[in-house]
Amino acid sequence: MIDGKKVLLSGMQSTGIITLGNYLGALKNWVDLNDDESIQCFYAVMDLHSITVRQEPAALRKNGRILYALYIAAGLDPEKNCLFFQSHVPAHAQLAWILNCYTYMGEMNRMTQFKDKAAKHADNINTGLFTYPVLMAADILLYQADMVPVGKDQMQHLEIARDIAGRFNGIYGDVFTIPEAYIGKNGAKIMSLQDPSKKMSKSDENPNGSILLLDDMDTIMRKFKKAVTDSDGFIAYTDDKPGIKNLIDIYCASTGKTPDETVKEFDGCGYGTFKEAVGESVAAVLKPVQDKYHALIEDKAYVDSLMKENAEKASYYANKTLRKVMKKVGFIELPR
Ligand code: AQP
């Protein structure tokens with residue numbers, strides 16, 4: 001709790017320009033919490049997590065800045081929310097080290113995301129990728145978060161964070177808040193436009209699979225035109241038609257309509273007409289975000305000042321927890 005408010009923490013990796021999936025599945029829902037006075041939200045650019053997969057330094061820097069500006073452009077109020085870079089708060093790495101010593105190999109071995117990512121990056125199976133969930137536990141526990149918005153894919157990691165926190169509290173007393181999953185209103189899961197069995201990802205090798213938040217109108221329309229569908233030729237919301245189902249989900253998330261309404265609206269229409277309508281609805285949602293982003297990214301001094309203020313704010317809370325942890329473990333406090 002901070003000032004009587006529940007604490008919520010989340011973030012995104014700066015591994016590329018975020019996708020429509022990141023936006024509709026996460027960021028848009030975070031923005032909806034802006035006016036909830038009962039919650040204090042912390043949103044990080046998770047750049048420490050990003051390097052578990054090799055990043056080109058200039059690209060990591062650029063993507064981090066873009067992501068930070070997109071948080072604000074999408075509507076996260078930097079006065080109400082704490083928006084910061086994970087690497088600007090050293091306590092994340094410090095607590096992660098300590099928690100590593102309270103986490104078992106067997107627990108990490110069970111993590112399915114590690115197995116998936118290790119298979120995808122077989123040439124770079126580093127220990128950071130293996131202990132990624134411990135860093136995530138540190139991210140959450142540092143702010144004594146009550147709530148963490150998670151998709152199904154991150155549920156296992158939240159469970160580990162809860163286990164580590166419970167184990168630590170069991171040894172040293174009440175140090176950490178045990179976080180709960182926060183289930184938002186409509187966490188749409190958006191699939192790749194080229195392979196609807198895979199989620200849309202910012203690091204997808206096929207550029208046509210993902211709509212990026214900074215794609216212009218022509219690119220958006222072209223990607224939707226190329227979206228994989230099926231040969232049935234009719235619009236229906238069913239698992240047998242994963243390409244069309246995904247397009248309906250995107251249309252619904254962009255327009256606020258329901259799948260039933262959408263199916264009725266496009267009854268008798270060809271896929272070409274439907275894809276065009278989906279593309280237009282997405283472009284309309286992204287246009288105001290893009291306009292605000294372009295204005296913001298020009299104002300380096302303003303963005304830098306926000307980064308600095310927010311890193312200080314995040315550090316204040318993070319260091320409070322870290323000091324407590326270090327004391328409990330038995331480290332000597334630096335004499336003042
Ligand atoms: N396709 C998606 N549909 C709905 N939600 C999604 N999220 C990601 N992809 C989709 C949600 O976005 C948040 C931030 O994710 P992340 O940046 O931490 O990493 P990720 O989940 O691994 O996302 P990407 O885009 O697939 O990144 P890369 O390509 O780097 O692995 C999370 O809340 C996630 O649920």
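How many residues of domain 1 are in contact with how many residues of domain 2? The count is 13 residues of domain 1 and 14 of domain 2, where contact means heavy atoms within 4.5 Å. This is a predicted model: local features need pLDDT of at least 70, side-chain atom pairs count only at pLDDT 80 or more, and totals for chains, interfaces and linings use all residues. Residues are numbered from 1 along each chain as its sequence is written, and side-chain values use heavy atoms, leaving out hydrogens and water.

Start with the domains. Domain 1 covers 6–183 + 300–329, and domain 2 covers 207–295; these bounds come from an automatic or database domain assignment. Their C-alpha centres lie 30 Å apart. Between them the two domains bury about 1200 Å², 80% of it on carbon and sulfur atoms. Buried area is the accessible area (1.4 Å probe) that two parts lose on being put together, summed over both.

Now turn to the ligand. Around it are 17 residues, each with a heavy atom within 4 Å of it. Thr15, Ile190, Ser201, Lys202 and Ser203 come nearest. The shell holds 5 nonpolar, 8 polar and 4 charged residues. Here Ala, Val, Leu, Ile, Met, Phe, Trp, Tyr, Cys and Pro count as nonpolar, Asp, Glu, Lys and Arg as charged, and the others, Gly among them, as polar.

Next, look at single atoms. A backbone N or O atom of Ile190 lies 2.7 Å from a ligand nitrogen. A polar backbone atom of Gln13 is 2.9 Å from a ligand oxygen. Such polar contacts pair N or O atoms within 3.5 Å.

Conventions. A polar contact is a pair of N or O atoms within 3.5 Å; within protein, one must be able to donate a hydrogen and the other to accept it, and residues adjacent in sequence count only if both atoms are side-chain atoms.
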